[in-house]
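Here are some notes to read alongside the sequence and the 3D view. Please keep both open and look up each residue as it is mentioned.

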Amino acid sequence: MILKKISVWPFAKFYAVFMAVLGFIIGLLFALINLAAPIESPYQVFGFATIVVFPIIYGLMGFAMGLVTSWLYNLVAKFVGGIELDFDNKK
């Protein structure tokens with residue numbers, strides 16, 4: 001099978017959620033690393049804010065990149081063909 005086209009909006013929504021989850025995980029890691037910082041550190045608030053801020057930023061960027069990536073894929077696939085996929089039909 002050849003993947004000839006990617007639906008732009010569904011892919012952008014999927015990639016936004018995927019990246020938001022990744023942003024949450026990275027934000028959580030930043031917050032945990034921040035726990036090792038001294039209490040008087042000016043970055044203390046920033047460390048815990050990453051749990052909220054990173055998923056939002058990553059989600060928005062993921063949505064934008066999903067739009068651009070799927071649109072470009074569809075454009076390029078018209079000229080060079082799509083990606084060949086091989087699925088196993090066995091259950």
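1. A good place to begin is K13, which is exposed, because its relative accessible area is 52% and a residue counts as exposed when that value is over 50%. This residue is found in helix α1. Please bear in mind throughout that the model is predicted.

2. From K13 one can also look across to a part of the chain that is remote in sequence: K13 and A64 lie 51 residues apart along the chain, and their C-alpha atoms are separated by 9.4 Å.

3. Helix α1 itself, which runs over residues 8-34, can be checked for its length: its 27 residues should span 39 Å at 1.5 Å a residue, and the C-alpha atoms at its ends are 38 Å apart, so the two values agree.

4. Which residues of α1 are buried? They are A12, A16, M19, G23, G27, A31 and N34, and what covers the buried residues of this helix includes α2, which is made up of residues 44-80.

5. Helix α2 offers a residue to set beside K13, namely N74, which is found in this helix. Is N74 buried or exposed? N74 is buried, because its relative accessible area is 11% and the cut-off for a buried residue is under 20%.

6. The surroundings of N74 can be listed as well: when residues up to four places away in sequence are not counted, N74 touches K4, K5, I6 and V8.

7. Turning to the whole protein chain, it has two helices and two strands, and reading along the sequence one meets them in the pattern β-α-α-β. The chain is more spread out than a compact globule, because its radius of gyration is 19 Å, well over the 12 Å that the globule rule gives for 91 residues. Along its principal axes, the C-alpha trace spans about 60 × 35 × 20 Å.

8. Of the 91 residues of the protein chain, 22% count as buried. The chain exposes about 7,200 Å², and carbon and sulfur atoms supply 76% of this area.

9. Contacts across the sequence deserve a careful reading, since the percentage applies to a particular set: among the contacts between residues at least 6 apart in sequence, 76% join residues that are at least 24 apart.

10. A last point concerns charge: the protein chain has 6 positive and 4 negative charges, and the mean positions of these two groups are 17 Å apart.

Key
Residues are numbered from 1 along each chain as its sequence is written. This is a predicted model: local features need pLDDT of at least 70, side-chain atom pairs count only at pLDDT 80 or more; totals for chains, interfaces and linings use all residues. Side-chain values use heavy atoms; hydrogens and water are left out. Helices (H or I, at least four residues) and strands (E, at least two) are DSSP runs, numbered from the N terminus. The radius of gyration is taken over C-alpha atoms; the globule rule is 2.2 Å times the number of residues to the power 0.38. Buried means under 20% relative accessible area, exposed over 50%, partly exposed in between (1.4 Å probe, protein chains only). Contact means heavy atoms within 4.5 Å. Accessible areas come from the Shrake-Rupley method with a 1.4 Å probe; for residues, only the protein chains shown count as cover. Lys and Arg count as positive and Asp and Glu as negative; His and the chain ends are not counted. The place of a charge is taken as NZ of Lys, CZ of Arg, CG of Asp or CD of Glu. The expected span of a helix is 1.5 Å times one less than its number of residues.
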